[in-house]
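Visitor: Can you walk me through this one? I'd like to start with charged side chains.
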Amino acid sequence: MSNSSFSGKVQELVNRANCGTSEDIDYILSHLTPDVTLSLTRFVDYALGLVESDEGIDRIEYYLFNGTQIQRNYCSLFFNRRGDWPLVKEAYDSGLIDEIQAYAR
């Protein structure tokens with residue numbers, strides 16, 4: 001499925017992820033609140049997986065160490081899927097994510 005076949009909130013998140021500025025990452029991760037819906041978490045997770053810019057990746061790393069618990073969890077997933085284990089391990093060793101999240105993909 002191509003990114004252009006989406007609409008609404010998903011398309012908005014995809015567009016932001018493809019741009020990948022710090023502000024775009026802030027916007028994407030701002031949706032991860034305590035009352036977020038399951039479907040919106042999936043949209044955010046999908047969008048994060050599209051981030052390729054250095055600026056965007058750096059901002060996701062910032063949230064891995066400074067975000068809310070739910071933001072840190074999704075950032076951990078992002079880095080685990082990229083194979084960036086040392087970064088995930090650092091967050092785990094710092095007590096920012098739990099063992100289950102550290103090994104999740």
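Guide: Aspartate 26 is a good place to start. Its relative accessible area is 24%, so aspartate 26 is partly exposed. Keep in mind that this is a predicted model.

Visitor: Which side chain does aspartate 26 meet in a salt bridge?
Guide: Arginine 59. The N to O distance is 2.7 Å. The pair links distant parts of the chain, 33 residues apart. Arginine 59 is in helix α4 and aspartate 26 is in helix α2.

Visitor: Is arginine 59 buried, exposed or partly exposed?
Guide: Partly exposed, because its relative accessibility is 22%. The cut-off for buried is under 20%.

Visitor: Which ring does arginine 59 lie over?
Guide: Tyrosine 62. Arginine 59 sits over the face of that ring, 4.5 Å from the ring centre. Arginine 16 lies over a ring face too, that of tyrosine 27, at 4.0 Å from the centre.

Visitor: Back to salt bridges. How many does the structure hold?
Guide: There are 6. One of them joins arginine 81 and aspartate 45, with the closest N and O atoms 2.6 Å apart. That pair also links distant parts of the chain: arginine 81 in helix α5, aspartate 45 in helix α3, 36 residues apart.

Visitor: And aspartate 45, buried or exposed?
Guide: Buried, at a relative accessible area of 16%. Its partner arginine 81 is partly exposed, at 44% relative accessibility.

Visitor: What about a bridge inside one helix? Where do glutamate 12 and lysine 9 lie?
Guide: Both are in helix α1. They are 3 residues apart, about one turn of the helix. Their side chains meet in a salt bridge at 3.0 Å, N to O. Glutamate 12 is partly exposed, at 30%. Lysine 9 is partly exposed as well, at 31%.

Visitor: New topic: aromatics. How many aromatic pairs does a search of the whole structure find?
Guide: It finds 3. Phenylalanine 78 and phenylalanine 79 make an edge-to-face pair, with centres 4.9 Å apart and 80 degrees between the planes. Both residues are buried.

Visitor: Why is the pair of tryptophan 85 and tyrosine 103 called tilted?
Guide: Because their planes are at 35 degrees. Stacked needs under 30 degrees and edge-to-face needs over 60. The ring centres are 5.2 Å apart.

Visitor: Where do tryptophan 85 and tyrosine 103 sit in the chain?
Guide: Tryptophan 85 is in helix α6, residues 85-93. Tyrosine 103 is in the segment after α7, which spans 99-102. The two are 18 residues apart. Tryptophan 85 is partly exposed, at 31%. Tyrosine 103 is exposed, at 55%.

Visitor: What about glycine 83? Which loop is that in?
Guide: The one between α5 and α6. Glycine 83 counts as exposed, at 54% relative accessibility. Its C-alpha atom is 9.7 Å from that of arginine 105, 22 residues apart along the chain.

Visitor: Now the core. Which residues touch the most other members?
Guide: Ile28, Leu48, Ile60 and Phe79, in the largest nonpolar core, which has 30 residues. The elements giving two or more residues are α1, α2, α3, α4, α5 and α6. α5 gives the most, with 5 residues.

Visitor: What does phenylalanine 79 touch, not counting residues up to four places away in sequence?
Guide: Ile57, Ile60, Glu61, Leu64, Asp84, Leu87 and Val88. Phenylalanine 79 is also the buried partner of phenylalanine 78 mentioned above.

Key: Residues numbered from 1 in each chain as written. Predicted model: local features only at pLDDT ≥ 70, side-chain atom pairs only at ≥ 80, totals over all residues. Heavy atoms only, no water. Phe/Tyr/Trp six-rings, centres within 6.5 Å; stacked < 30°, edge-to-face > 60°. Buried < 20%, exposed > 50% of the residue type's maximum accessible area, 1.4 Å probe, protein only. Helix = DSSP H or I, 4+ residues; strand = E, 2+ residues; numbered from the N terminus. Lys NZ or Arg CZ within 6 Å of the ring centre and 35° of its normal. Core = buried A, V, L, I, M, F, W, Y, C linked by side-chain atoms within 4.5 Å. Contact = heavy atoms within 4.5 Å. Salt bridge = Lys/Arg side-chain N within 4 Å of Asp/Glu carboxyl O.
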